[in-house]
Amino acid sequence: MSKNSKVLNLKDKISGNEVDLSLCNLTEVPVRELALFPKATVVDLSCNNITSLPPEFCSLTHLVKVDLSKNQLTCLPDDLGSLSNLQHLDLYNNKLTVLPVSFSQLRGLKWLDLKDNPLEPDLAKAAGDCLDEKQCKQCASKVLQHMRALQEEVDHAREKRLLREKELERKREVKQREREAKEKEARKQEKAEEKLKRRKEYNAQMAALAAKEQQKKKNEQKKKKNRQAADKKVVVESGPKPRLSLIGLLFKLLLLVLLGLAGVAAVCRLTDLQKEAMCVPVNFAVDDGLLWAREQEGVVRQLVHNLSSAAKEFLQSSQTSK
């Protein structure tokens, strides 16, 4: 059957604000078609074979009265509380055991029938017998109270769970921060140790260089001293001979001349050559010199006496001044 035919058939089921889909052998709710008729606020789906309501059913917020009695429902959608305008709900003769927690949000619900369902004990006690209009209204009120209590428990449990998860997350964060702090401190310590190690190596290198430099200076000083000593030795051993002064040279020359004359005079007077012609003038000169020396003997003695007196006076004046 096409969608248009479904719409057409649904239109055939509408009377005013009511849609009668009972006894249609339905296995599912035609949610899309019902959504096309927002003015149809009353829906009768009783006496079908519906086993569950789709989640989209909760979008039909225009519904005010819904009859789902005598079906095969085993559960209701979790967001059933979204049907904010729902006032009348008939769930008689189904297979429900529990209601969704969101059921507590149906604040406008005035009438509820839950008899002939295998409800769990607490819910069955809250629902009551639902044998007449009054009991069905009481059922709606008491079930809402019961579901609100469950909602509070669920909210409390969720809050506790959230707090527990938050606490666990906080502890994880604390542990993470502690672990990061330890790792950071370990990295810092490792860097400090590495820096200390590099500094020690640097200091050792500097000390080695300083020692090497000092040893080099010592070696250079030692070499310098050795060179100076060697230079002094060379100077002492092979220094240049002092130049002879002119006076010394003349003195030596005069001495040589005198020695030569003395040698000639000695040869001419003491050898057989004294009678030779070349020795005659030499002998005369020697005789004249000896004569002159005898004549000047007194002068020489007086000169020596004067020199001795002057020396004595000089010595006495030196001792007096001290």
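1. Let me start with R177, which counts as partly exposed at 37% to 48% accessibility for the pair it belongs to: R177 itself is at 48%, and its partner E173 is at 37%. Here buried means under 20% relative accessible area, exposed means over 50%, and partly exposed lies in between (1.4 Å probe, protein chains only). The areas come from the Shrake-Rupley method. This is a predicted model: local features need pLDDT of at least 70, side-chain atom pairs count only at pLDDT 80 or more, and totals for chains, interfaces and linings use all residues. Residues are numbered from 1 along each chain as its sequence is written, and side-chain values use heavy atoms, with hydrogens and water left out.

2. What joins E173 and R177? Their side chains meet in a salt bridge, 4.0 Å from N to O. The term stands for a side-chain nitrogen of Lys or Arg within 4 Å of a carboxyl oxygen of Asp or Glu. The two residues are about one helical turn apart, because they sit four residues from each other in helix α4. Helices (H or I, at least four residues) and strands (E, at least two) are DSSP runs, numbered from the N terminus.

3. The structure holds seven salt bridges, and you may like to look at two others in α4. One of them links E165 to R161, with the closest N and O atoms 3.9 Å apart. About one helical turn separates this pair, as E165 and R161 are four residues apart in α4. E165 is partly exposed at 40%, and R161 is partly exposed at 36%.

4. E194 and R198 form another salt bridge, with 4.0 Å between the closest N and O atoms. Both residues belong to helix α4 and are four residues apart, about one turn of the helix. E194 has a relative accessible area of 37% and is partly exposed; R198, at 47%, is partly exposed.

5. Which residues make up the patch of positive charge on the surface? They are K184, R187, K188 and K191. For such a patch, residues need over 30% relative accessible area and no salt bridge; like charges are joined within 9 Å, and nonpolar side chains (Val, Leu, Ile, Met, Phe, Trp, Tyr) within 5 Å. Lys and Arg count as positive and Asp and Glu as negative, while His and the chain ends are not counted. Each charge is placed at NZ of Lys, CZ of Arg, CG of Asp or CD of Glu. K188 lies in helix α4, which spans residues 133–238, and is exposed at 58%.

6. Now for the interior. The largest nonpolar core has 43 residues, and those with the most contacts inside it are F57, L91, F103, L109, L112, L114 and V143. The elements giving two or more residues to this core are α2 (31–35), β6 (111–113), α3 (121–127) and α4. Of these, α4 gives the most, with six residues. A nonpolar core is a set of buried Ala, Val, Leu, Ile, Met, Phe, Trp, Tyr and Cys residues joined through side-chain atoms within 4.5 Å.

7. Two backbone angles are worth a look. N25 has a phi near 55 degrees, a positive value in a residue other than glycine. N25 sits in the loop between β2 (18–20) and α2 and is exposed, at 58%. C130, also not a glycine, has a positive phi of about 55 degrees. C130 is in the loop between α3 and α4. Is C130 buried or exposed? With a relative accessible area of 1%, C130 is buried.

8. Finally, D90 is in strand β5, residues 88–90. At 12% relative accessibility, D90 counts as buried. The C-alpha atoms of D90 and K70 are 9.4 Å apart, and the two residues are 20 residues apart along the chain.

How values were computed: Areas by Shrake-Rupley, 256 points an atom, 1.4 Å probe, with all protein chains shown as cover.
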